[in-house]
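This report examines the fold, the helices and the nonpolar packing of a single chain. The sequence and structure are shown first.

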Amino acid sequence: MSLGFGSHFHFHQPLQLIAVMPQLRTYLVTGASRGIGLGLVQHFLRQPDTRVIATCRSPSTTSVFDELKQEYQERIVIMMLDVTSEWAFEVLKGQLVEKSITTIDVLIANAGVTGNNAQLVHVPYRDINSA
C-alpha cells in the first residue's frame with residue numbers, strides 16, 4: 001500500500017533549523033572571595049552551562065577573581081555584598097536586574113559574620129547557636 005509520498009513529496013517552504021541554546025543554571029555564592037566560598041565558585045564554573053554570581057564585601061580589592069574572570073568571562077559575575085547590611089541586598093537586587101539576571105537557581109549563603117571579629121575558637125557556643 002502506497003501512501004503517495006514517494007518522489008512526489010515536496011516542501012513548499014524551506015525547513016528552518018532552530019538552534020536551542022542551553023539554559024544557564026545560575027548560582028549565587030556569598031562570601032566567595034576565599035575558603036569554601038571560592039572553592040564552590042571554582043567548582044560550579046567547571047560545570048557546563050553554569051553562571052556564577054560571586055559576592056564578597058570588597059570585590060574591587062580582591063584580585064582572586066581576576067584569573068576566573070579571564071577564563072570564564074561572561075559566566076562569572078562579581079558583585080559587592082555585605083551580608084550585614086539590609087541596604088546592600090537591595091543594591092544587589094538592582095544590579096542583577098540591570099544585568100538582566102532575573103533567576104537564581106541556587107543560593108549558597110556562605111558568608112559568615114561574627115559580631116566582634118573574634119576567631120571561631122574564641123566564640124562561645126551559645127553565640128554560635130543563637131546565630
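## Basis of the description

A residue is called buried when its relative accessible area is under 20%, exposed when that area is over 50%, and partly exposed in between. Glutamate 90, with a relative accessible area of 49%, is therefore partly exposed. The structure described here is a predicted model.

## Overall architecture

The chain contains four helices and four strands. Along the sequence these elements follow the pattern β-α-β-α-β-α-β-α. Among contacts with a separation of 6 or more, 64% join residues that lie 24 or more positions apart.

Of the 131 residues, 25% count as buried. The accessible surface amounts to about 10300 Å², and carbon and sulfur atoms contribute 54% of that area.

## Helix α1

Helix α1 (35–46) has twelve residues, for which a rise of 1.5 Å a residue predicts a span of 16 Å; the end C-alpha atoms are 17 Å apart, in agreement with that value. The buried residues of α1 are Gly37, Leu38, Val41, Phe44 and Leu45. Because these residues cover an arc of only 130° around the axis, they lie on the same side of α1. Gly35, Ile36 and Arg46 are exposed on the other side of the helix.

The cover over the buried residues of α1 includes β1, β2, α2, β3 and β4 (106–108).

## Helix α2

In α2, the buried residues are Phe65, Leu68 and Tyr72. Viewed down the helix axis they fall within an arc of 60°, so they line one face of α2. The face turned away from this buried side carries the exposed residues Glu67, Gln70 and Glu71.

Elements covering the buried residues of α2 include α1, β2 and β3. After α2 comes glutamine 73, which has a positive phi, near 45°.

## Helix α3

Helix α3 comprises the 13 residues 86–98; its expected span at 1.5 Å a residue is 18 Å, and the distance of 19 Å between its end C-alpha atoms agrees with this. Ala88, Leu92 and Leu96 are buried in α3. Their arc around the axis is only 80°, which means that they occupy the same side of the helix. The principle is a general one: an α-helix has 3.6 residues a turn, so residues three or four places apart point the same way.

The buried residues of α3 pack against β1 (25–29), β2 (50–56) and β3 (76–80). On the face turned away from the buried side, Glu86, Trp87, Val97 and Glu98 are exposed. Serine 100 follows α3 and has a positive phi, near 60°.

Glutamine 95 also belongs to α3. With 30% relative accessibility, glutamine 95 counts as partly exposed. The C-alpha atom of glutamine 95 is separated by 8.4 Å from that of methionine 79, 16 residues away along the chain.

## The salt bridge in α3

How many salt bridges does the count come to? The count comes to one salt bridge. It joins lysine 93 to glutamate 90, with the closest N and O atoms 3.5 Å apart. This distance satisfies the criterion because the cut-off between a side-chain nitrogen of Lys or Arg and a carboxyl oxygen of Asp or Glu is 4 Å. Side chains of opposite charge can pair when their charged atoms come close.

Both lysine 93 and glutamate 90 lie in helix α3, three residues apart, about one turn of the helix. Lysine 93 is partly exposed, at 48% relative accessible area, and glutamate 90 is likewise partly exposed, at 49%.

## Nonpolar cores

The largest nonpolar core has 15 residues, of which Val29, Val41, Leu45, Val52, Phe65, Leu68 and Ile76 touch the most other members. Two or more residues of this core come from each of β1, α1, β2 and α2 (64–72). Helix α1 gives the most, with four residues.

Which residues does isoleucine 76 touch, not counting those up to four places away in sequence? Isoleucine 76 touches Val41, Leu45, Val52, Ala54, Phe65, Leu68 and Lys69. A second, separate core consists of nine residues, among them Val77, Met79, Leu81 and Leu92. Leu92 is also one of the buried residues of α3.

Conventions. Residues numbered from 1 in each chain as written. Predicted model: local features only at pLDDT ≥ 70, side-chain atom pairs only at ≥ 80, totals over all residues. Heavy atoms only, no water. Expected span 1.5 Å × (residues − 1). Buried < 20%, exposed > 50% of the residue type's maximum accessible area, 1.4 Å probe, protein only. Arc of directions from axis to C-beta. Contact = heavy atoms within 4.5 Å. Core = buried A, V, L, I, M, F, W, Y, C linked by side-chain atoms within 4.5 Å. Areas by Shrake-Rupley, 256 points an atom, 1.4 Å probe, with all protein chains shown as cover.
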